[in-house]
Amino acid sequence: MIDEVTEYAMSKEKSNIINEYHLNRLQPDKPQFALYELNTHIRENQCQVVKPHIHSFYQVIWFKKGTGKHAVDFKEYDVFDNAIFFVAPNQVHYFDENADYEGILLHFNEQFLVQDQKPMEFFLNYNLFSNPYQQPSCCIGTGIDDLLDTYISQMKQELENDETFGKPLILKNYLQSFFVQIQRRRNEFEKKLDHQLPILDEKRIQLVKFLNLIDEHYREGYSIAEYAQLLHISSRTLSDLTQQQLNKTPSQMIQERIILEAQRLLLYSNLNINQVGYRLGFEDASYFVKYFKKYAGVSPSEFKKSVS
């Protein structure tokens, strides 16, 4: 069981306030990595996992067997044999009512895997978590499932080992190898879909950097020129980049991130609409309502009603 639970908002008056889960947050002397059998975890935490929640850690959900739905950031995705989901910190997600899935859960804090790397280098090596414009899951199919199972077995064995010397390093190496194999399989699928697609060229690296900058600064109202300056490129180059890679303008990408966070707060916090606007950097609450309606298609109050 995850060791800490806090509320996304402090009030307990609303039943739909989201829970936030942590893995020894701010306790570096305690384990920063955990592995669970999916079936056992779901059955022991049924009431929690079927409700929308967020984590401060990264989560990998390997559905080895079972079919159903898994929701991530207000979208439902199909679950099928050998589907793997990658849930990043602060993504709202939840399981369906199916308690018969077989599989594996991996939890780890960012610092566990990036100990001797900069976070950006980690995400460029494994873009499994880093792109909100790709589906948060992939199908590994057959062929590498036995290899991934070998890494899982090695992780379990190391976790059960009483010897503590070097334990985090060994676990980190197994986890990195696990990700490398999945990324290789994803790269194969991408190449089949588009033979001209470079897997990690300079443009895609810049795109990942831009996505991370949006995540850091979307509340601060940065202009496209300011983002471009942080990337050491021109505004025109940034616009060309996002159009080529995603068929979106930089402004659209920033707007989508703001709307996503607004949706999370509207549904899973005790903040009222005006407070959500202030939290997102809107000094004028009425402008926030207009902004939300323009880009989400409905007003904040209509959105809350439609989802609840």
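Start by selecting β3 and β10 in this predicted model: the two strands pair in the antiparallel sense, over five bridges. β3 covers residues 33–37, and β10 runs through residues 102–108. For a spot to centre the view on, pick Tyr36, which stands opposite Leu105 in β10.

Now widen the selection to the whole sheet. It is open and has five strands, in the order β3-β10-β5-β8-β11, with antiparallel pairing. At the edges you will find β3 and β11 (137–139), each of which pairs on one side only. If you draw strand axes, neighbouring strands of this sheet are turned by 15° against each other on average, with direction ignored.

Add helix α5 next, residues 145–160. The helix lies across β3, β5 (58–65), β8 (83–87) and β10. Relative to β3, α5 runs at about 115°.

Go back to β10 and click on His107, which lies in that strand. Is His107 buried or exposed? Its relative accessibility is 0%, so His107 counts as buried. Show side chains here, and you can pick out a polar contact of 2.8 Å between the side chains of His107 and Gln59.

The cysteines make a good next stop. How many disulfides does the structure hold? The count is zero. Select Cys138 and look for the closest cysteine sulfur: it belongs to Cys139, and because the two sulfurs are 7.5 Å apart, they are too far from each other for a bond. Cys138 has a relative accessible area of 10%, so this residue is buried. Cys47 offers a contrast: at 58% relative accessibility, Cys47 counts as exposed.

Finish with the aromatic rings. Searching the whole structure gives 24 aromatic pairs. Take Tyr77 and Phe85 to begin with: their ring centres are 6.5 Å apart and their planes meet at 70°, so this pair is edge-to-face. Both Tyr77 and Phe85 are buried.

Another edge-to-face pair to display is Phe178 with Phe179, at 6.1 Å centre to centre and with 65° between the planes. Phe178 counts as buried because its relative accessibility is 0%. Phe179 is buried too, with a relative accessible area of 0%.

For the last selection, which residues do ring pairs link into a cluster? Choose Phe74, Tyr268, Phe282, Tyr287, Phe288, Tyr291, Phe292, Tyr295 and Phe303, and you have the cluster on screen.

Definitions and conventions: Residues numbered from 1 in each chain as written. Predicted model: local features only at pLDDT ≥ 70, side-chain atom pairs only at ≥ 80, totals over all residues. Heavy atoms only, no water. Helix = DSSP H or I, 4+ residues; strand = E, 2+ residues; numbered from the N terminus. Buried < 20%, exposed > 50% of the residue type's maximum accessible area, 1.4 Å probe, protein only. Polar contact = N/O pair within 3.5 Å; in protein donor to acceptor, adjacent residues only side chain to side chain. Pairing = 2+ DSSP bridges. Axes fitted to C-alpha atoms, helices over the stretch in contact; angles between N-to-C directions. Contact = heavy atoms within 4.5 Å. Disulfide = S-S within 2.5 Å. Phe/Tyr/Trp six-rings, centres within 6.5 Å; stacked < 30°, edge-to-face > 60°.
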